[in-house]
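Me: I am new to this structure and would be grateful for a close look at its sheet. Please describe how the strands are arranged and what lies beside them.

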Amino acid sequence: MNRLKSRFARRLLLVGPIAALFLFNAALGRSQSSTYQFNDSHFHLTNNIQEGPGIRDFLGMMGDKAGRAILSGIPLQQEWSYRVDGDRAPSYYLHSDAPLYYYSFTDATVAMAYKSLPKEQQARFDPMITGFNPADMYAADHVRRVLETFPSVFTGIGEFSIHKEFVSGKIPGEVASLQNPALDRLLDFAAEVGLVVLIHNDIDVPFAKEGSEPAYLGEIRTLFKRHCNATIIWAHMGLGRTVRPGKNHAMQIEEILKHPDLDHVYFDLAWDEVAKYFVGSPEATAAIAALIQQYPNRILFGTDAVAPADQSKYVAVFNQYQPLWNSLDAKTSRKVRLENYERIFDEGRRKVRSWESAHVPAVRSKNAETRISSN
Ligand SMILES: [Zn+2]
């Protein structure tokens, strides 16, 4: 580190004080969050048919609004079945009865997009591995292989889905389950490496009866307890398009937030389909704001934008949440919009880079070369 610092100090003398400060922050992987409105803990660069904006176009959309963002594709490719859809090429999972399948190349696409950027722009992204089948015992091996093929790139895994309305039933083969040892193997590996885990799992089945115990709440709580060394973000607070928050939802989330064995579990507020519940009435906004005020370090904002076409589409969910931003005190709002992301993903980066330097042969030998040349 000292050697790095002194090499930097030499470069700084050459470039002048303002550029120097910028370079120094970029080198440490810091974004200047103070000038941005949010960091995005839930974002998809591509859609269900692997299309989306170029990474430079997306940087333009982030502009002065989003400081940093995770970078994930969507692992579930919508098949274009000519027998089902004819010339009507579907681009969204709800637009066809044809199946979805796991498309692992998405990880290579994300890695190459990230690698095409200069260092100071890379510092604004945390790429995520998603192209695995979480019902497959080999899922963890895929993640390892991606880290070995693209070292110094990824910070986490996900968003990947276990139980997801309209999606789970469209994937041929074994249905993913919270009780599948394949998921345990995956999360064990994520914990070993330090990868941040972004998991999508509906808390309940669609159109559940009010007052009944949510179908998957007990299982996911047990899963979280089994993996207390992993850093886990539960996407959408377990909600979905038709998986509405029951009247005990805030209490169920709070039970996780206050449980001493579950302080490795975080929640995101991503998706317009979820925002609609929390800004649907002043009472709903007040209830979620009260929960966040009590656990300000555990909730993150994400857009869940999928392959946005322009900045107004990209920031729409952030704007939709304006009533919530107005209801939080300044410090809490800042944590949810910016600082929780920085803390969690910076820690993820640090751990994954350290695991890579011990386990990925290409990184090990590169480190050794650097040591020799600087001696
Ligand atoms: Zn998503």
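Reply: Two strands are said to pair if DSSP finds at least two bridges between them. The model discussed here is predicted.

With that definition in hand, one may begin at a single pair of residues: I233 in β9 has Y266 in β10 as its bridge partner. The two strands, β9 and strand β10 (residues 265–268), pair in the parallel sense over three bridges. The ring of Y266 also has a charged neighbour, since the charged end of R298 sits over that ring at 5.9 Å from its centre.

The connection between these strands is helical. Helix α10 (residues 249–258), together with β9 and β10, makes a right-handed β-α-β unit. This helix α10 lies across β9, β10 and β11, and its direction is at about 145° to β10.

On the other side of the account stands strand β8 (residues 196–200), which runs parallel to strand β9 (residues 231–234) and is joined to it by four bridges. Here V196 has T231 in β9 as its bridge partner. A right-handed β-α-β unit is made by β8, helix α9 (residues 217–226) and β9.

These strands belong to an open sheet of eight strands with parallel pairing, in the order β1-β3-β6-β7-β8-β9-β10-β11. Its edge strands are β1 (38–40) and β11 (299–300), each of which pairs on one side only. As a general point, strands of a sheet pair through backbone hydrogen bonds, either parallel or antiparallel.

At the β1 edge, two bridges join β1 to strand β3 (residues 66–71), and the two run parallel. In this pairing D40 stands opposite A69 in β3. Helix α3 lies across β3 and β6, running at about 140° to β3.

Aromatic side chains also connect this helix with the sheet. The search of the whole structure finds 20 aromatic pairs. One of them is formed by F58 and F125, a tilted pair with 6.1 Å from centre to centre and 35° between the planes. This pair links distant parts of the chain, with F58 in helix α3 (residues 55–62) and F125 in strand β6 (residues 125–129), 67 residues apart. F58 counts as buried because its relative accessibility is 0%. F125 is likewise buried, with a relative accessible area of 1%. Both residues belong to one aromatic cluster, whose members also include F38, F43, F301, Y314, F318, Y321 and W325.

Notes
Residues are numbered from 1 along each chain as its sequence is written. This is a predicted model: local features need pLDDT of at least 70, side-chain atom pairs count only at pLDDT 80 or more; totals for chains, interfaces and linings use all residues. Side-chain values use heavy atoms; hydrogens and water are left out. Rings of Phe, Tyr and Trp (its six-membered ring) pair if their centres lie within 6.5 Å; planes under 30 degrees apart count as stacked, over 60 as edge-to-face and the rest as tilted. Buried means under 20% relative accessible area, exposed over 50%, partly exposed in between (1.4 Å probe, protein chains only). A charge sits over a ring if NZ of Lys or CZ of Arg is within 6 Å of the ring centre and within 35 degrees of the ring normal. A crossover is right-handed if, with the strands pointing away from the viewer, the path from the first strand over the helix to the second runs clockwise. Contact means heavy atoms within 4.5 Å. Axes are lines fitted to C-alpha atoms, for helices over the stretch in contact, and angles run from 0 to 180 degrees between N-to-C directions.
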